[in-house]
Amino acid sequence: MKATVLVDNIADNGLSGEWGLSIYIEYNDKKILLDTGASDLFLKNAEKIGLSVKDVDYAVLSHAHYDHSRGMKAFFAENRKAKFYLQKNAAENCYFKKWLIRRYIGLPKNILTDYKDRIEFIGNDYTLCDGVHLIPHKTPGLETIGKRENMAQKTQNGWKADDFSHEQSLVFETEKGLVIFNSCSHGGAHNIINEVAETFPDKKVYGLIGGFHLYNKSVTEVRSLAKKIKETGIGYVCTGHCTKNKAYGILQEELGEKLHQLHVNLTMEF
């Protein structure tokens, strides 16, 4: 398996970055795109790297936020064959909500209706193809995280704290063990590792790749998460995007050589 980062906050070698994430994954004879970043930058960077988005067999949305989905329309224009896989609870209803502030942070408006023939909603554990799985959250009480983060969903019955039921992990079976991609890990990086381990009790979880949403966390909170990640026994952690530099430095103190930095044009092989 080979994964190439098309979009991350950190630019690299003439390739631009943005606040978002997009990863191009080659697994056996399949090509999978995880997220589309916050614009069409993923397409431009893919072309410069020499990767063809037209060849993508499956597209996956990690969760229903703008910095992972605003490039969806550009993807549909470039690739005419691949379905886009979303969790069944993904909707155009995600907001940052604090006091009187209501800021939309969700999917591109009307994307779910304008491209309904290209979008596949899934629920529960789902096998995308042989050796590749989509796993939703199974940890209870995640709405407490949404409330703390001032993330909310607008429903017909009013506002509710985001429980991240629109977030999913993309999991690959590799020779080293299971490799998890979860682009922002809103549900908690340690929870995600444990969820996947419990879903596949006969397999070893080797790696976790994605942002950890630590850019707004205290030193104590970051250090606590790092210790919980360490306790899982995972061997490889690669993070960036919403983790950001300060938290990355703290994670590095705790995780040492297990930790690696996400950036545009990074390639990972497992």
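E149 sits in the loop that runs between α5 and β11 (151-155) of this predicted model. Is E149 buried or exposed? With a relative accessible area of 9%, E149 counts as buried, because that value falls under the 20% cut-off. Leaving aside residues up to four places away in sequence, E149 touches F96, H213, N216 and K217.

Two of those contacts turn up again when we look at the pockets. K217 is among the residues closest to the centre of the largest pocket, and H213 is among those nearest the centre of the second largest one.

Here's how the two pockets look side by side:

| Pocket | Volume | Residues closest to the centre |
|---|---|---|
| Largest pocket | about 350 Å³ | R148, G188, H190, K217 and L225 |
| Second largest pocket | about 250 Å³ | Y66, I105, M151, H213 and Y215 |

Let's take the largest pocket, with its volume of about 350 Å³. Its lining is made up of 17 residues. Which elements give two or more residues to that lining? They are α5 (143-148), α6 (189-199) and α7 (219-231), and α7 gives the most, with four residues. Sorted by class, the lining of the largest pocket has five nonpolar, seven polar and five charged residues.

Now for the second largest pocket, which is also lined by 17 residues. Here α2 (66-69) and β7 (101-104) each supply at least two residues of the lining. By class, the lining of the second largest pocket splits into nine nonpolar, five polar and three charged residues.

Terms used: Residues numbered from 1 in each chain as written. Predicted model: local features only at pLDDT ≥ 70, side-chain atom pairs only at ≥ 80, totals over all residues. Heavy atoms only, no water. 1 Å grid on protein atoms, 1.4 Å probe; cavity = no way out; pocket = protein on both sides within 12 Å on 5 of 7 lines; lining within 4 Å. Points joined across faces, edges and corners; volume = space filled by probe spheres on them. Nonpolar A, V, L, I, M, F, W, Y, C, P; charged D, E, K, R; others polar. Buried < 20%, exposed > 50% of the residue type's maximum accessible area, 1.4 Å probe, protein only. Contact = heavy atoms within 4.5 Å.
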